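Let's take a walk through this structure together. Keep the sequence and the 3D view in sight as you read.

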Amino acid sequence: MPDSFDSAAIETADPDCSGTADLPRRARPAAREAAGGSGVVRVGARAHYAVVAMVELARRRCATPTCISDIATCADIPPAYLEQLFRKLRRRGLVRSARGAAGGYCLTRAPEAISVADVVAAVEGGDGRLRGVEGRFGCGVVALWQAVDAGVRDRLARVSIADLAAAHRDDHP
């Protein structure tokens, strides 16, 4: 699956991944807004939270199911929102659920066999392609967006949940 993942590419000096770690905390929101975001590809909360939750499951190497509240607390994700995401992930066969007092969620496959692209497609729906581009602009612009889209999808397909979990372990021993 992944050829190799450069864990150094993960910005560890910026815990909230905002690109504003060197600014005083109260100045960060204004700086992000002025910069139009973090200066990288924007990822929706749904995809971000789903990937973070899957990494958390991979880090736990769960032999027994992990409950939503444990994942939500550790990953700082609202539990009700996380439940919605796990329903989508379960429908796509990425996690399985168990009911009852010892219930929760586990990965259905080894984390090495689950790509970030799998997770994003599960929660965003469709095939993960950019939408609304075709036919709206000149041919050169459409070709550019299609190439960017293909590049992003290819990169996400080459990074596994295990890669991200290993990078997280390296950064947070």
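Across the whole of this predicted model, a search turns up six salt bridges. A good place to begin is helix α2, where E56 and R59 sit three residues apart, about one turn of the helix. Their side chains meet in a salt bridge, at 2.6 Å from N to O. E56 also pairs with R60, this time at 2.9 Å; these two are four residues apart in helix α2, so about one helical turn separates them. Together, E56, R59 and R60 are linked in a network of salt bridges.

How is this trio placed with respect to the surface? E56 has a relative accessible area of 7%, so E56 is buried. R59 is partly exposed at 27%, and R60 is partly exposed at 33%.

Another salt bridge can be found in helix α6, residues 139-158, where D154 and R158 lie four residues apart. Their side chains meet at 3.2 Å, N to O. D154 counts as partly exposed because its relative accessibility is 41%, and R158, at 26%, is partly exposed too.

Now look inside. Nonpolar side chains tend to be buried together in soluble globular proteins. Here the largest nonpolar core has 31 residues, and M54, F86, L89, V119 and I161 have the most contacts inside it. Several elements supply at least two residues each, among them α3, α4, β2 and α7. Helix α2 gives the most, with eight residues.

Finally, turn to the surface, where R87, R90, R91 and R99 form a positive patch. R87 belongs to helix α4, residues 79-91, and is partly exposed, with 34% relative accessibility.

Notes: Residues numbered from 1 in each chain as written. Predicted model: local features only at pLDDT ≥ 70, side-chain atom pairs only at ≥ 80, totals over all residues. Heavy atoms only, no water. Patch = residues over 30% accessible without salt bridge, like charges linked within 9 Å, V, L, I, M, F, W, Y side chains within 5 Å. Areas by Shrake-Rupley, 256 points an atom, 1.4 Å probe, with all protein chains shown as cover. Salt bridge = Lys/Arg side-chain N within 4 Å of Asp/Glu carboxyl O. Lys, Arg positive; Asp, Glu negative; His and termini not counted. Charge placed at Lys NZ, Arg CZ, Asp CG, Glu CD. Buried < 20%, exposed > 50% of the residue type's maximum accessible area, 1.4 Å probe, protein only. Core = buried A, V, L, I, M, F, W, Y, C linked by side-chain atoms within 4.5 Å.
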